[in-house]
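Trainee: Could you walk me through this structure, one question at a time?

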Amino acid sequence: MKFRRSERLIDMTNYLLNHQRQLVSLTFFSERYGSAKSSISEDLAIIKETFEQRGIGTLQTVSGAAGGVKFHVKVTDDEARPFVDELCSLIASPERLLPGGYLYMTDILGDPLIVQRAGRLFASAFADKPVDVVMTVATKGIPLAYAAANYLNVPVVIVRRDSKVTEGSTVSINYVSGSAKRIQTMVLSKRSLAEGSNVLIIDDFMKAGGTVNGMVSMLEEFKANLAGIAVLVEAEKAEERLVDEYLSLVRLSNVDVREKKINVSEGNYFKK
C-alpha cells in the first residue's frame, strides 16, 4: 500500500510518540510505507523541526548501518512554567489543610492530566541521561513514576513497606525516616532490578529525604546506579536534609494552620 506524504507524516509522528527513546531505522519506515529512504529522511526532517518548534521534543539521529532516529521528549521552560504555577496555585488552597498541618494531595495525584504533565517534565529533565528503570515507594508516588516511565519508555519498580508472597524472595533494608527519626523498613523483590541498572527515583513529597535516601541505599544492595531524583513537592524547612541532588517542581515553605495559609513557590526545576 502506497502512502501519501500527509499520511506518512501523521503515522510516523504517532509511531515515534508511542516508541519514545527507541531506535527506529530508516529501513523500517521505508518498508512500512513503501517509500524511498530519501523521502523518509525528508519526512523526519519536517517532524523534527515541528517537534522542536512546538516544544514537543526532538529527534536524535544515529548514524551508521544500524542507525536511525530516536524521539526524546523535551519541554521548554516557557511551557513548563505555567504548569508549575498552576500546581503552586492548587497546592496553596487553604482547603487542603488537614489536622496536624498535613496537606490533602489525593485529588492532584489522582488527576491523570496533572500526573501526565508532571511526568513529562520529569522525563524531559532526564531525557539525555541513561535511565533504565524508574523507582518509587508505595503508594502515592506510583502515578508519577508510571507517567515519567511512560515518556522514558522504561519499566517501574515499586519499593514496598512489607514483603508479599507474589514478589518472591526480597531484599530488606532498614532506614531512618528523616522527619520522624524512626527506624523503618523497605523491601524490594530480587527480580525487580538488574545489577548495573540506571535508576531514576521519583516521589510525590520530600521532607528531610529519609525515604528517598532509603531507596538510594536499596540501589547499593542491588549494585545499581542512581540516575537522578525527582519529587513533585519538597519541604523547604527541613532541619537535616539527607538528600543533596534532586529535582523538584514545587517548594513548600510554610504551613500556618491557625491562619490557614500555605506558602508555596516553584521548586528548583528551572535552576537545574
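Mentor: Gladly. Let's agree on one term before we start: a contact means heavy atoms within 4.5 Å. Keep in mind as well that this is a predicted model.

Trainee: Then let me use that term straight away. Which residues does S177 touch, not counting residues up to four places away in sequence?

Mentor: Start with its place, which is the loop between β5 (170-176) and β6 (183-189). With heavy atoms within 4.5 Å as the criterion, and leaving out residues up to four places away in sequence, the residues that S177 touches are R182, Q184 and G210.

Trainee: Is S177 buried or exposed?

Mentor: Being in a loop does not settle that, so look at the accessible area; the cut-off for buried is under 20%. S177 has a relative accessible area of 8%. Because 8% falls under that cut-off, S177 is buried.

Trainee: How far apart are the C-alpha atoms of S177 and L44?

Mentor: Along the chain, S177 and L44 are 133 residues apart. For scale, the C-alpha atoms of the protein fill a box of roughly 65 × 45 × 30 Å along the principal axes. The separation between the C-alpha atoms of S177 and L44 is 49 Å.

Trainee: Let's step back to the whole chain. What percentage of the residues in the protein is buried?

Mentor: The protein has eight helices and ten strands. Its accessible surface comes to about 14000 Å², with 48% belonging to carbon and sulfur atoms. Of the 272 residues, the buried share is 46%.

Trainee: What share of the contacts with a separation of 6 or more comes from residues 24 or more positions apart?

Mentor: Contacts here are again heavy atoms within 4.5 Å. Among those with a separation of 6 or more, residues 24 or more positions apart account for 61%.

Trainee: On to the strands. Why is β3 described as largely enclosed?

Mentor: Take the two faces of β3 in turn: V133, M135 and V137 are buried on one side, and V134 and T136 on the other. Strand β3 spans residues 133-137, and five of its five residues are buried, so the rest of the structure largely encloses β3.

Trainee: Which residue in β4 is the bridge partner of M135?

Mentor: β3 has parallel pairings to consider, including one with β7 (residues 198-206) over three bridges, where V134 stands opposite L200. β3 also pairs in the parallel sense with β4 (residues 156-159), over four bridges. In β4, the bridge partner of M135 is V157.

Trainee: How many residues of helix α7 are buried?

Mentor: Helix α7 covers residues 142-152 and is mostly covered. Its buried residues are I142, L144, A145, A147, A148, A149, Y151 and L152. After α7 comes N153, with a positive phi near 60°. Of the eleven residues of α7, the number buried is eight.

Trainee: Is E234 buried or exposed?

Mentor: E234 lies in strand β8 (residues 225-235). Not counting residues up to four places away in sequence, E234 touches M206, R241, Y246, S248, V250, R251, L252 and N268. With a relative accessible area of 1%, E234 is buried.

Trainee: Now the charges. How far apart are the mean positions of the positive and negative charges?

Mentor: The protein has 34 positive and 33 negative charges. The distance between their mean positions is 2 Å.

Trainee: With which residue does E79 form a salt bridge?

Mentor: A search of the whole structure finds twelve salt bridges. The one formed by E79 has its closest N and O atoms 2.8 Å apart. E79 is partly exposed at 33% relative accessible area, and its partner is R120.

Trainee: How many residues apart are R32 and D11?

Mentor: R32 and D11 form a salt bridge whose closest N and O atoms are 2.8 Å apart. This pair links distant parts of the chain, with R32 in helix α2 (residues 26-33) and D11 in helix α1 (residues 5-17), and the separation is 21 residues.

Trainee: Last one: which residues are linked in a network of salt bridges?

Mentor: Salt bridges can also be found outside that network, for example E7 with R4, where the closest N and O atoms are 3.5 Å apart. The residues linked in the network are R5, R8, E42 and D43.

Definitions and conventions: Residues numbered from 1 in each chain as written. Predicted model: local features only at pLDDT ≥ 70, side-chain atom pairs only at ≥ 80, totals over all residues. Heavy atoms only, no water. Buried < 20%, exposed > 50% of the residue type's maximum accessible area, 1.4 Å probe, protein only. Areas by Shrake-Rupley, 256 points an atom, 1.4 Å probe, with all protein chains shown as cover. Lys, Arg positive; Asp, Glu negative; His and termini not counted. Charge placed at Lys NZ, Arg CZ, Asp CG, Glu CD. Salt bridge = Lys/Arg side-chain N within 4 Å of Asp/Glu carboxyl O. Pairing = 2+ DSSP bridges.
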